[in-house]
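This report goes through parts of the structure shown below, element by element.

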Amino acid sequence: MSSAVTTSSFVAKQNIRRLTVPLFRARKRAEPIVMLTAYTARMAEILDVHCDALLVGDSLAQAIYGLPSTVPVTLEMMIAHGQAVMRGSKKSLVVIDMPFGSYEASPEQAFLSASRILKETGADAVKLEGGTVMAPTVAFLTARGIPVMGHIGLTPQAVNVLGGYAVRGKDDAERARILADAKAIEKAGAFSIVIEGVIESLAIEITQSIDCPTIGIGGSNQCDGQVLVVDDMLGMFERTAKFVKKFEQLSEIVDTAVSSYAIAVKSRTFPGPDNTYK
């Protein structure tokens, strides 16, 4: 490869700019926002080409660590995976989940956790769960230079209180409460809000009622964007929520490949002449 080509490639990479929080927020009612979770550098590198934003989700609890819920996730786990995703991505806005127990006690606790996440990863924003009760914390963080993405509706960190992962907003009282949550979080300064696991009409009403972008996951295609757990949409798990569409059955592809590898090893056809040094 000539030095001219090498220099050109380097310059092209250097000229790549990440999507910023203000530009992300300006995408309201524009072209739908594409967002997926990412936990590793290589996956982030692949997703970065197609996504506007990558979420280092605490869903890594189940996707990476085989944990029963997101509750056991630690700040250190989120930071380690956040660093990996930042190394693998170039243009996507990177948002990192604040894990359970790292922000609920007080706005001051939230600031210490969020500032550590951003300082140690270089990510663009944090995400936290909760509605009206978390509005003072959102305001506290944004006033101190920390962009916050909200998360309302079905909030996985509160699974023990909710009693499971059932769809939210079915009755009038809960519907009104979730709508009020969205408005409170937006007023507090959230630049975007994830709406998870609510009836579609509520997701549409929230999207039309607030000025920051909504990101649906089990909401509606009328939200300003969509997010899914990447392992779910790739078909790595047999059981997924109703709102997941499996765009590929990657687990079957992996199973076939590993089966071929095992057969080749046992038959001593691998490694072959092309895979050994003479």
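## Strand β7 and its neighbours

In this predicted model, isoleucine 215 of β7 has glycine 225 of β8 opposite it. Strand β8 covers residues 225-228 and runs parallel to β7, with 2 bridges between them. Toward β6, isoleucine 215 stands opposite valine 194. Strand β6 (residues 192-196) is also parallel to β7, and 4 bridges join the two. From β6 the chain passes through helix α10 (residues 200-209) before it enters β7, and this β-α-β crossover is right-handed.

Strand β7 itself consists of residues 214-217. Which way do its residues point? Thr214 and Gly216 point one way and Ile215 and Ile217 the other. In a regular strand, side chains alternate between the two faces of the sheet. Whichever way they point, these four residues of β7 are buried.

## The barrel

Strands β1-β2-β3-β4-β5-β6-β7-β8 form a closed barrel of 8 strands with parallel pairing. From one strand to the next, the twist averages 25 degrees.

Strand β5 (residues 148-153) runs parallel to β6, and 5 bridges join them. Isoleucine 152 has isoleucine 195 of β6 as its bridge partner. Helix α10 packs on the sheet here, touching β5, β6 and β7, and its direction makes about 170 degrees with that of β6.

## Nonpolar core

How many residues does the largest nonpolar core have? The core has 74 residues, and Phe24 and Ile206 are those with the most contacts inside it. Leaving aside neighbours within four places in sequence, isoleucine 206 is in contact with Ile152, Ile178, Leu179, Ala182, Ile195 and Thr214. Two of these contacts, Ile152 and Ile195, are the bridge partners described above.

## Helices α6 and α7

Helix α6 (residues 107-121) lies across β3 (93-97) and β4 (125-127). Its direction is at about 135 degrees to that of β4.

In helix α7 (residues 135-143), the buried residues are Ala135, Thr137, Val138, Phe140 and Leu141. Their cover includes α6, β5 and α9 (172-188). Just after α7 comes glycine 145, with a positive phi of about 85 degrees.

## Lysine 127

Lysine 127 belongs to strand β4. Is lysine 127 buried or exposed? Its relative accessible area is 3%, so it counts as buried, the cut-off being under 20%. The lysine 127 side chain makes a polar contact with the side chain of histidine 151 at 2.7 Å.

Not counting residues up to four places away in sequence, lysine 127 touches Leu55, Val95, Ile96, Asp97, Met98, Met149, Gly150, His151 and Val194. Among them is Val194, the residue of β6 that stands opposite isoleucine 215.

## Serine 69

Serine 69 lies in a loop, between α4 (60-63) and α5 (75-88). Although in a loop, serine 69 is buried, because its relative accessible area of 12% falls under 20%. Its side chain reaches the backbone nitrogen of valine 71 at 3.3 Å.

What does serine 69 touch beyond residues up to four places away in sequence? Its contacts are Ala61, Gln62, Val159 and Tyr165.

How values were computed:
Residues numbered from 1 in each chain as written. Predicted model: local features only at pLDDT ≥ 70, side-chain atom pairs only at ≥ 80, totals over all residues. Heavy atoms only, no water. Buried < 20%, exposed > 50% of the residue type's maximum accessible area, 1.4 Å probe, protein only. Pairing = 2+ DSSP bridges. Right-handed = clockwise from strand over helix to strand, strands pointing away. Polar contact = N/O pair within 3.5 Å; in protein donor to acceptor, adjacent residues only side chain to side chain. Contact = heavy atoms within 4.5 Å. Core = buried A, V, L, I, M, F, W, Y, C linked by side-chain atoms within 4.5 Å. Axes fitted to C-alpha atoms, helices over the stretch in contact; angles between N-to-C directions.
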